[in-house]
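Thanks, everyone. Please bring up the structure, and I'll talk you through cavities, one helix and some salt bridges.

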Amino acid sequence: MKLAASVLALALAAAVAISGDARPALGLGVLRRDGVLIPFASYNGRAWSADWPGPNSNVVFPISLADIPRRWWGAAGPSASWTAWLTDGTTRPLALQRPEHLRVFCATGLGVRTDYDGGAFDPREPTIPKAGLAIAGDAKLLPVTPISLLAQDAKRMVAAITDDFNKEEKLAASHFTSWMHPFDEESRKGYPIELEAFYRAREKTPSGEWFTSYVEAVRRFPAQAGDHDCGLITFVRGWVIERDGHKPVIDVGARITYCDRADVSFMLPFGRLLIDAEPYWVYQISSWRDEIYGVSRSRPEEVRPVLAVAGGGCPKNAPAPGRGRGRGGPDAERGAGG
């Protein structure tokens, strides 16, 4: 599910810097617009962990905050103060009120009701839009920038990723066993690549200076007979690292599917953490049937995930939930790749 409004609000989204000589203990959680906090990550000064029970966990539901086992809170502990870093650029303390059962897509989970009220949302949707990132522990806000898709930097980025886009598209097409792409490799290259999302942060550490970017791009093909006016697309997403005097490091993957994008996942960056002079991106990856909360470390030579936590989802063979999703669904294989 593409949360377009949230993506536009990312101009005011943030990165988090942890300062001081002591190694901090902290917790991370997504804050939903309905005021429910879902803790998903903990850092103990040395390593990341996921201590909060995930979706469909076979645990006893706590009656009150005092009944929540201490280990579920991770390194920050049950007495830590939580702060909301909202996508509108503001921060506010969070008062935790009570445990709360919740549903995310087809899964059930455990969250914590807070005193935050993010306003109206559509309760018929299979997941609740996110208001921002919640942090237990000291933090300082730093900016993360969504780049305008009309900017010259966006055009330059398309040129930079074109070769890798074509290679990943060819690889994704080769994964099919009983279907052949109706457009051959050379024909596909004749269709333009359109950048749809472009997020960037400038990193400055003892290891050097570089730009970390996350991009989402698409190539659209005309609908063919039997496509129900919804033609094929190639969807590519991933990381780009740029630094002076070096060739860009491009790590992207492709997926070939239909224009309804029933099997495509999109990123919602919450911001970054700077821990021991190393930057970490914190984000949500979501589709029409699931969502994942992640943390990845950026270095001059690579971006590597350090934590990925399932937020909830539906089985692959289940209809995509929500209103107006898909058109009966393409063949499972035809949505494969990347």
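A definition to begin with. By a cavity I mean a set of grid points where a 1.4 Å probe fits but cannot get out. Keep in mind that this is a predicted model.

So how many cavities of 30 Å³ or more are there? The count is three. The largest holds about 120 Å³ of space. Its lining is made of 17 residues. Nearest the centre lie Ile-38, Pro-53, Gly-54, Pro-55 and Ala-310. Which strands supply at least two lining residues each? Strand 3 (36-43), strand 7 (96-104), strand 8 (107-114) and strand 19 (302-313) do. Strand 8 gives the most, with four residues.

Now helix 2. This helix runs over residues 152-174, 23 residues in total. At 1.5 Å a residue, the expected span is 33 Å, and the end C-alpha atoms are 33 Å apart, so the two agree. Even so, helix 2 has a kink of about 45°, centred on Ile-161. Ile-161 is also one of the buried residues of this helix. The others are Ala-154, Met-157, Val-158, Phe-165, Asn-166, Glu-169, Ala-172 and Ala-173. Think about the spacing. An α-helix has 3.6 residues a turn, so residues three or four places apart point the same way. What do the buried residues of helix 2 pack against? Helix 3 (185-188), strand 12 (194-205), strand 13 (208-220), strand 14 (232-242) and strand 15 (249-258).

On to charges. The salt bridge count comes to 23. I'll pick out a few.

Take Glu-196 and Arg-261, with closest N and O atoms 2.7 Å apart. Glu-196 sits in strand 12, and Arg-261 in the loop between strand 15 and strand 16 (266-275), so this pair ties together parts 65 residues apart in sequence. Is Arg-261 buried or exposed? Buried, at 12% relative accessibility.

Next, Glu-278 and Arg-299 meet at 2.5 Å, N to O. Glu-278 belongs to strand 17 (residues 278-286) and Arg-299 to strand 18 (residues 290-299), so the bridge links parts 21 residues apart in sequence. Arg-299 is partly exposed, at 27%.

There is a network, too. Asp-153, Arg-156, Arg-200 and Glu-242 are joined through salt bridges that share partners.

Last pair: Asp-122 and Arg-124, with closest N and O atoms 3.1 Å apart. Asp-122 is partly exposed, with a relative accessible area of 22%. Arg-124 counts as exposed, at 57%.

That's my tour. Over to you.

Terms used
Residues are numbered from 1 along each chain as its sequence is written. This is a predicted model: local features need pLDDT of at least 70, side-chain atom pairs count only at pLDDT 80 or more; totals for chains, interfaces and linings use all residues. Side-chain values use heavy atoms; hydrogens and water are left out. The expected span of a helix is 1.5 Å times one less than its number of residues. The bend at a residue is the angle between axes fitted to the seven residues ending there and the seven starting there. Buried means under 20% relative accessible area, exposed over 50%, partly exposed in between (1.4 Å probe, protein chains only). Contact means heavy atoms within 4.5 Å. A salt bridge is a side-chain nitrogen of Lys or Arg within 4 Å of a carboxyl oxygen of Asp or Glu. On a 1 Å grid over the protein atoms alone, a cavity is a set of points where a 1.4 Å probe fits but cannot get out, and a pocket is an open set with protein on both sides within 12 Å along at least five of seven lines; lining residues have an atom within 4 Å of a point. Grid points are joined across faces, edges and corners, and a volume is the space filled by probe spheres set on the points.
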